[in-house]
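Grab your viewer and try these exercises before you peek at the solutions. Each one starts with a task and then walks through the steps.

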Amino acid sequence: MAESASQGVLQLGDCQLDLERGLLLRDGTAVPLRSKAFSLLSYLARNDGKVVTKSDLISAVWGNIAVTEDSLTQAVRDIRKALDDGDQTILKAVPKRGYVLSAPCHKPSPASQPVVAVVPFEDGQTLGGTSDPISSAFAEDVADRLARFRTLTILNRETALAAFRQAQGNGPPVTVRPDYFVRGAVVRGGGQLKISAKLVDARAGTLVWGESYTAAGPDLFAVQDDIAYRVVNRLVSNLEAAALRRTAGKPTRDLAAYELVTRAIVRFRGYRPDDNSEALSLLKAAISRDPDYGLAHAYMALVELAIADYGSAPEDVIASCTERASLAVALAPDEPRCHRILAQARLAARDHAAAEHHMRRALDINPYDADTMMQMGHLLSLRGRPRDGLELMDRAVAANPLHAEWYHCDRALALYAAGDYAGAATAIRRLPYGPRRWSLLAAALARAGDRAGARECVEHVRRSDPGFSPASHLRTSIEFERPEDSDHLVEGFEIAAAVG
């Protein structure tokens, strides 16, 4: 039994015992269990279906340490509580003999996901200390936020600290072996809060990522919350990248498809003429390797939509992209990017209510994704709520300061809709120029009263592409829900064009 138990995962009620990784899980989240209780459960699991005497259990778990049966009874109680086994159908007591773990179901090992231990942050003013309550609270906040990501397994505070002490050679052995430690320090003083965070490879002991954040303000708790958003966003992106590096070289079809999609996303975010077509080829290759890869279908829908110019794409293209994005959501219902891309397809079809539904679903699954925050802000702006949209956009920029250029475009449209024409012009100037950007900048400058600048932009449009129709582009490719918002933008360009 011991050999078979170690080959996979045991289903215990609604929990899964992964002996290879040393974890008790429920819905992908680690279930808190003390070290001795976990050792007892593991020993019983390796002897599942067999009655194990109390003396054998005490010897196996406590070794040469002299303990009474009370310690065993308490560990059994902890296990039953963790398994929600109040009726004792999973862990059974056999009178006058011992205990038996009743016939757990063996399951294949799930796809590996990173096990992360968030260690209490140090008080940066007291070396090695954690005296400042903000230090401990911040680490717990980061752990709670990371636990929302179903692609990660987050250890509870006590287990994380025990694993870290063991790694430092300062504590007894523990059964859980995290892949990564999240560490950091907090310095507070002089009206400022400085937080440094780093991601460490637990096996190699190497630094994967590190960054510091400094902010000032009267409400340090609000500042702390804002920094937590940024830290979590950067941590998750670096964890995903680190996990990919770890699995590189494994001859699996899924990994090859994953790498193809990753390369496609990089190309899609570029601005070279052949970037979109190259991304599309990579995505087709990924789907040929894994036809059920939801994220590959989602990005293929998005790239095809981009090639056809989003909201001004032909109806049949929009319908095809929407159908493919819907398939992606069906294949990967818990992948937030699939919902976000389906929202973009729905938006291109001018189905604003459905678009908001799926964008909110993406945020529900991953509330810290900066790209989704930005696109949700853009959607709210298109629905006539630019102030609400800008609030989300500010959070997105704070969470991802090294963001893509399209953030400026979405923000420019929201600022224009909110009447901040000078701010809109500033955002547009950060974009690569072309007739579309010159058109939008002309409208913003005209509304801001910069007649000379608006006239210059109109001339750039006419020289760069004489056949381009700015008014048609601004009206058809930008998916405002209300006609008056489209009119507001088009009239801005018309004011610019009418300047003598």
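**Exercise 1: a leucine and its surroundings**

At 0% relative accessibility, Leu235 counts as buried (under 20% relative accessible area; over 50% is exposed, in between is partly exposed; 1.4 Å probe, protein chains only). Before going on, note that this is a predicted model, where local features need pLDDT of at least 70 and side-chain atom pairs count only at pLDDT 80 or more, while totals for chains, interfaces and linings use all residues. Residues are numbered from 1 along each chain as its sequence is written, and side-chain values use heavy atoms, with hydrogens and water left out.

Task: find the helix that holds Leu235 and list what Leu235 is in contact with.

Solution.
- Step 1: Leu235 sits in helix H7, residues 220-247 (helices are DSSP runs of H or I, at least four residues; strands are E runs, at least two; both are numbered from the N terminus).
- Step 2: skip the neighbours within four places in sequence, and Leu235 contacts Val142, Leu146, Val182, Leu199 and Trp209 (contact means heavy atoms within 4.5 Å).
- Step 3: Leu235 and Gly210 are 25 residues apart along the chain, and their C-alpha atoms are separated by 9.1 Å.

**Exercise 2: the cores**

Task: which residues touch the most other members of the largest nonpolar core?

Solution.
- Step 1: a nonpolar core is a set of buried Ala, Val, Leu, Ile, Met, Phe, Trp, Tyr and Cys residues joined through side-chain atoms within 4.5 Å.
- Step 2: the largest core has 79 residues, and those touching the most other members are Phe121, Phe138, Leu146, Ile227, Val231, Leu235 and Leu489.
- Step 3: another core, of 34 residues, lies apart from it and includes Ala257, Ala279, Ala298 and Ala306.
- Step 4: for the chain as a whole, 51% of the 500 residues count as buried.

**Exercise 3: an arginine**

Task: is Arg267 buried or exposed, and what does Arg267 touch?

Solution.
- Step 1: Arg267 belongs to helix H8, residues 253-268.
- Step 2: its relative accessible area is 18%, so Arg267 is buried.
- Step 3: leaving out residues up to four places away in sequence, Arg267 touches Arg272, Asp274, Asp275, Glu278, Ala279 and Leu282.

**Exercise 4: two helix pairs**

Task: work out how H14 is oriented relative to H16, then do likewise for H17 and H18.

Solution.
- Step 1: the axes of H14 (residues 370-382) and H16 (residues 406-417) come within 9 Å and cross at roughly 30°. That makes H14 roughly parallel to H16 (under 35 degrees is roughly parallel, over 145 roughly antiparallel, 65 to 115 roughly perpendicular, the rest oblique). Axes are lines fitted to C-alpha atoms, for helices over the stretch in contact, with angles from 0 to 180 degrees between N-to-C directions.
- Step 2: on the H14 side the contact uses Ala370, Asp371, Met374, Gln375, His378 and Ser381, and on the H16 side Trp406, Tyr407, Asp410, Leu413, Ala414 and Ala417.
- Step 3: H17 (residues 421-428) and H18 (residues 435-448) pack at about 155°, their axes 8 Å apart, and are therefore roughly antiparallel to each other.
- Step 4: H17 brings Tyr421, Ala422, Ala424, Ala425 and Ile428 to the contact, and H18 brings Arg437, Leu440, Leu441, Ala444, Leu445, Arg447 and Ala448.
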